[in-house]
Amino acid sequence: MNAPEETAAPRITVAEDRCVAAGHCVVAAPEVFDQREEDGVVVLLDPRPSDAVHDAVREAALLCPAAAIRLVRASS
């Protein structure tokens, strides 16, 4: 009965206070991330992106020098 949640794409969270405005996330996954114009801090456009961009989101999280991006699995 919990199978759909277990296979669901993770929810994305960002810690704006940790962001150093490097922009790697925007380059890796522009469908999911943007940057504020005034200071370059990450803006999360889609906290539950489609499976089609999952690899790009994972790459964005790995590339983030401040580790400000997290992929959170739904708990059962």
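**Notebook: salt bridges, core and cavities**

I began with Glu38, which counts as exposed at 63% relative accessibility. That is over the 50% cut-off for exposed. A reminder to myself before going on: this is a predicted model.

**Entry 1: the charged network**

What does Glu38 pair with? I found a salt bridge from Glu38 to Arg36, with the closest N and O atoms 3.6 Å apart. I then looked up Arg36 itself, and this residue is partly exposed, at 28% relative accessibility.

Arg36 has further partners. Its side chain meets that of Asp39 in a salt bridge, 2.6 Å from N to O. Asp39 is partly exposed, with a relative accessibility of 39%. Glu16 forms a salt bridge with Arg36 as well, and here the closest N and O atoms are 3.3 Å apart. Which parts of the chain does this pair tie together? Glu16 sits in the loop between β1 (11-14) and α2, while Arg36 sits in the loop between β2 (33-35) and β3 (42-44), so the bridge links parts that are 20 residues apart in sequence. For Glu16 I noted a relative accessible area of 41%, so this residue is partly exposed.

How many salt bridges does the structure hold? I get 3. Through shared partners, salt bridges join Glu16, Arg36, Glu38 and Asp39 into one network.

**Entry 2: the overall layout**

Next I stepped back to the fold. The protein has 3 helices and 4 strands. Along the sequence they follow the pattern α-β-α-β-β-α-β. Of the 76 residues, 29% are buried. I also checked how far contacts reach along the chain: among contacts with a separation of 6 or more, 56% are between residues 24 or more positions apart.

**Entry 3: the nonpolar core**

I looked up the largest nonpolar core and found 17 residues in it. Cys25, Val32, Phe33, Val57, Ala60 and Ile69 are the ones with the most contacts inside this core. Which helices supply at least two residues each? They are α2 (24-28) and α3 (54-63).

I picked two of these residues for a closer look. Ala60 is in helix α3. Is Ala60 buried or exposed? Its relative accessible area is 0%, so Ala60 is buried. Setting aside neighbours within four places in sequence, Ala60 contacts Cys25, Ala28, Phe33 and Ile69. I also noted His24: its C-alpha atom is 6.3 Å from that of Ala60, although the two residues are 36 apart along the chain.

Val32 was my second pick. Leaving out its neighbours within four places in sequence, I list Val43, Leu44, Leu45, Asp46, Pro49, Val53 and Val57 as its contacts. Val57, like Val32, is on the list of residues with the most contacts inside the core.

**Entry 4: the cavities**

I then searched for enclosed space. The count comes to 2 cavities of 30 Å³ or more.

The largest cavity has a volume of about 100 Å³. Its lining has 15 residues, and those nearest its centre are Cys19, Ala22, Gly23, Cys25 and Cys64. Cys25 was already in my core notes, among the residues with the most contacts there. What is the lining made of? I count 11 nonpolar residues, 4 polar and no charged.

The second largest cavity has a volume of about 40 Å³. I wrote down its lining as Ala9, Pro10, Ile12, Pro49, Ser50, His54, Val57 and Leu71. These divide into 6 nonpolar and 2 polar residues, with no charged ones. Val57 turns up in this lining, and I had already met this residue as a contact of Val32.

**Entry 5: His54**

His54 caught my eye in the lining of the second largest cavity, so I gave it a last look. His54 lies in helix α3, as does Ala60. Is His54 buried or exposed? At 18% relative accessibility His54 counts as buried, because the cut-off for buried is under 20%. Which residues does His54 touch? Not counting residues up to four places away in sequence, they are Pro10, Leu71 and Arg73. Of these contacts, I see Pro10 and Leu71 listed in the lining of the second largest cavity too.

Technical notes. Residues are numbered from 1 along each chain as its sequence is written. This is a predicted model: local features need pLDDT of at least 70, side-chain atom pairs count only at pLDDT 80 or more; totals for chains, interfaces and linings use all residues. Side-chain values use heavy atoms; hydrogens and water are left out. A nonpolar core is a set of buried Ala, Val, Leu, Ile, Met, Phe, Trp, Tyr and Cys residues joined through side-chain atoms within 4.5 Å. Buried means under 20% relative accessible area, exposed over 50%, partly exposed in between (1.4 Å probe, protein chains only). Contact means heavy atoms within 4.5 Å. On a 1 Å grid over the protein atoms alone, a cavity is a set of points where a 1.4 Å probe fits but cannot get out, and a pocket is an open set with protein on both sides within 12 Å along at least five of seven lines; lining residues have an atom within 4 Å of a point. Grid points are joined across faces, edges and corners, and a volume is the space filled by probe spheres set on the points. Ala, Val, Leu, Ile, Met, Phe, Trp, Tyr, Cys and Pro count as nonpolar, Asp, Glu, Lys and Arg as charged, and the others, Gly among them, as polar. A salt bridge is a side-chain nitrogen of Lys or Arg within 4 Å of a carboxyl oxygen of Asp or Glu.
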